[in-house]
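Dear colleague,

I am passing on the structure we spoke about, and below it you will find my notes on what came out of the analysis. Please read them with the model open beside you.

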Amino acid sequence: QVHLVESGGGLVQPGGSLRLSCATSGSIFSRRAVGWYRQAPGKQRELVAMISSSNGTRYPNSVKDRFTISRGNANNAIYLQMNSLKPEDTAVYFCTIPALNSWGQGTQVTVSS
C-alpha cells in the first residue's frame, strides 16, 4: 500500500504564498501521473493540478498562473507552489496517484486576514 504524506499547509493572508509537499518512500512517483486536489467544507473534491508521467501539467482556470506543480529530483516528492492565494483557496489539499487510487491524509490551507 502506498503511503502519501502531505505537509506545508497553514494559515496565510490573502495574496500570500504556500508550498505544499507530498512525500512517499521510494520512487513511487516516477513515471506516474500525480495530482493535487482540494476539498472545501460542503463542496466536492476538485482537481487543482496534475503532472503527467511525461511532466506535462494542467490546471483549472481557478488556479492557473497562480499554482505550480513540480516533482522532486529523487522522484519521491511532489510539490505545489501556491501564490497570490485567495480566501476561496481555503480547503484541505490532498495529493494522489490516480493509477494506484492512493491518497494522502490531506493538509489544511486557510487563507484569511
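W103 is partly exposed, since its relative accessible area is 33%, and it is a convenient place to begin. Please bear in mind throughout that this is a predicted model.

W103 forms an edge-to-face aromatic pair with F94, with 6.4 Å from centre to centre and 80° between the planes. F94, in contrast to its partner, is buried, because its relative accessible area is 9%, whereas the 33% of W103 puts that residue in the partly exposed class. The count of aromatic pairs comes to 2, and in the pair of Y37 and W103 the ring centres are 5.2 Å apart with the planes at 65°, so this pair is edge-to-face as well. Y37 belongs to strand β4 (residues 34–39) and W103 to strand β10 (residues 102–103), so that the pair links distant parts of the chain, 66 residues apart. Taken together, the ring pairs link Y37, F94 and W103 into a cluster.

A charged residue also comes into this picture. R45 lies over the face of F94, at 3.8 Å from the ring centre, and R45 likewise lies over the face of W103, at 4.7 Å from the ring centre.

Turning to the interior, the largest nonpolar core has 25 residues, and those with the most contacts inside it are W36, F67, L80, M82 and Y93. At least two residues of this core are supplied by each of β3 (18–23), β4, β5 (46–51), β7 (67–71), β8 (77–82), β9 (91–97) and β11 (107–111), and the largest share, 4 residues, comes from β9. As general background, nonpolar side chains in soluble globular proteins tend to be buried together. If residues up to four places away in sequence are not counted, M82 touches G16, S17, L18, L20, R66, F67, Y93 and V109.

The model contains 1 disulfide by the rule applied, and it is formed by C22 and C95, whose sulfur atoms are 1.9 Å apart. C22 lies in strand β3 and C95 in strand β9, so the pair ties together parts that are 73 residues apart in sequence. The torsion about the S-S bond of C22 and C95 is about 50°, so the disulfide is right-handed, and both C22 and C95 are buried.

Two backbone values deserve a look. Most residues other than glycine have a negative phi. D65, however, has a positive phi near 75°; D65 is found in the loop between β6 (57–58) and β7, and with a relative accessible area of 77% it is exposed. N101 has a positive phi near 50°, lies in the loop between β9 and β10, and counts as exposed at 61% relative accessibility.

Finally, a note on one glycine. G9 is placed in the loop between β1 (5–7) and β2 (10–12), and at 34% relative accessibility G9 counts as partly exposed. Leaving aside neighbours within four places in sequence, G9 is in contact with L18, L20, T107, Q108 and V109. G9 and G56, which are 47 residues apart in sequence, are 25 Å apart in space, from C-alpha to C-alpha.

With best regards

Technical notes
Residues are numbered from 1 along each chain as its sequence is written. This is a predicted model: local features need pLDDT of at least 70, side-chain atom pairs count only at pLDDT 80 or more; totals for chains, interfaces and linings use all residues. Side-chain values use heavy atoms; hydrogens and water are left out. Buried means under 20% relative accessible area, exposed over 50%, partly exposed in between (1.4 Å probe, protein chains only). Contact means heavy atoms within 4.5 Å. Rings of Phe, Tyr and Trp (its six-membered ring) pair if their centres lie within 6.5 Å; planes under 30 degrees apart count as stacked, over 60 as edge-to-face and the rest as tilted. A charge sits over a ring if NZ of Lys or CZ of Arg is within 6 Å of the ring centre and within 35 degrees of the ring normal. A nonpolar core is a set of buried Ala, Val, Leu, Ile, Met, Phe, Trp, Tyr and Cys residues joined through side-chain atoms within 4.5 Å. A disulfide is a pair of cysteine sulfur atoms within 2.5 Å.
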